[in-house]
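Me: I'd like to learn how to read a protein model by eye. Could you walk me through it, one feature at a time?

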Amino acid sequence: GEVSNTGDDISMQVLASAVRALGAAVGSVVSLLDPEVVVLGGGLGCGNATMIEQIRIGYAQRANERPNPPALLTAKCGSGAGVIGAAVGALNLLEID
């Protein structure tokens, strides 16, 4: 966002720390749910390269506690990933033959 574009060192450090913590939280969820892959979508998947790298650092610190941590990918659907996923989920619930 705006903070990441201003170049303010303190703001950048705070943002990097928060984003690494988010990555570590994703790693904790991996420990609980044991998915085959983790996909960042929406605003996270469309984040700038620096933000994605900080998420990967936090994720690696937590997920690497596992012998084969799942890959961390970014969604190809961009910011519409959540809406597309919800639509697919709704269609699956309808079970139209």
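Reply: We'll go from the overall fold to single residues. Keep in mind that this is a predicted model.

Me: Okay, the fold first. Which helices and strands come in what pattern along the sequence?

Reply: Start by listing the elements in order. Here the pattern reads α-α-β-α-α-β-α, so you should find five helices and two strands.

Me: And how much of the protein is buried?

Reply: For that, look at the share of buried residues. Of the 97 residues in the protein, 25% are buried. The accessible surface is about 6,500 Å², and carbon and sulfur atoms account for 59% of that. You can also ask how far along the chain the contacts reach: of those between residues at least 6 apart in sequence, 68% join residues at least 24 apart.

Me: Helix 2 catches my eye. How does its end-to-end distance fit its 25 residues?

Reply: The general idea is to set a rise of 1.5 Å a residue against the distance between the end C-alpha atoms. For helix 2 the expected span is 36 Å and the ends are 36 Å apart, so the two agree. Try helix 5 (residues 81-94) as well: its 14 residues should span 20 Å, and that is the distance between its end C-alpha atoms.

Me: What happens just after those helices?

Reply: Check phi there. Helix 2 is followed by D34, with a positive phi near 55°, and D34 is a residue other than glycine. D34 sits in the loop between helix 2 and strand 1. Just after helix 5, E95 has a positive phi too, about 45°.

Me: Back to helix 2 itself. Which of its residues are buried, and what do they pack against?

Reply: Pick out the buried positions, then look across from them. In helix 2 they are A16, V19, G23, A24, V26, G27 and V30. These buried residues pack against strand 1 (37-40) and helix 4.

Me: What about L32, is that buried or exposed?

Reply: Read the relative accessibility against the cut-off. L32, in helix 2, has 71%, and because exposed means over 50%, L32 counts as exposed. Together with V29 and L33, L32 forms a nonpolar surface patch with about 340 Å² of accessible area.

Me: Then where does S28 fall, buried, partly exposed or exposed?

Reply: S28 is also in helix 2, and its 26% relative accessibility makes it partly exposed. Now measure across the fold: the C-alpha atoms of S28 and R62 are 6.5 Å apart, with their positions 34 residues apart along the chain.

Me: Now helix 4. Which residues does Y59 touch?

Reply: Leave out sequence neighbours, then list what remains. Not counting residues up to four places away, Y59 touches G23, A24, V26, G27, V30, V38, N64, P69, P70 and L72. Y59 lies in helix 4 and is buried, at 6% relative accessible area. Its C-alpha is 8.3 Å from that of A21, which is 38 residues away in sequence.

Me: One more: what does the side chain of Q54 do?

Reply: For a side chain like that, look for a polar partner. The side chain of Q54 makes a polar contact with the side chain of R20, at 2.6 Å. Q54 is in helix 4 (residues 49-63), and its relative accessible area of 16% makes it buried, because the cut-off is under 20%. Leaving aside neighbours within four places in sequence, Q54 is in contact with A16, V19 and R20.

Note on methods:
Residues numbered from 1 in each chain as written. Predicted model: local features only at pLDDT ≥ 70, side-chain atom pairs only at ≥ 80, totals over all residues. Heavy atoms only, no water. Helix = DSSP H or I, 4+ residues; strand = E, 2+ residues; numbered from the N terminus. Buried < 20%, exposed > 50% of the residue type's maximum accessible area, 1.4 Å probe, protein only. Contact = heavy atoms within 4.5 Å. Areas by Shrake-Rupley, 256 points an atom, 1.4 Å probe, with all protein chains shown as cover. Polar contact = N/O pair within 3.5 Å; in protein donor to acceptor, adjacent residues only side chain to side chain. Patch = residues over 30% accessible without salt bridge, like charges linked within 9 Å, V, L, I, M, F, W, Y side chains within 5 Å. Salt bridge = Lys/Arg side-chain N within 4 Å of Asp/Glu carboxyl O. Expected span 1.5 Å × (residues − 1).
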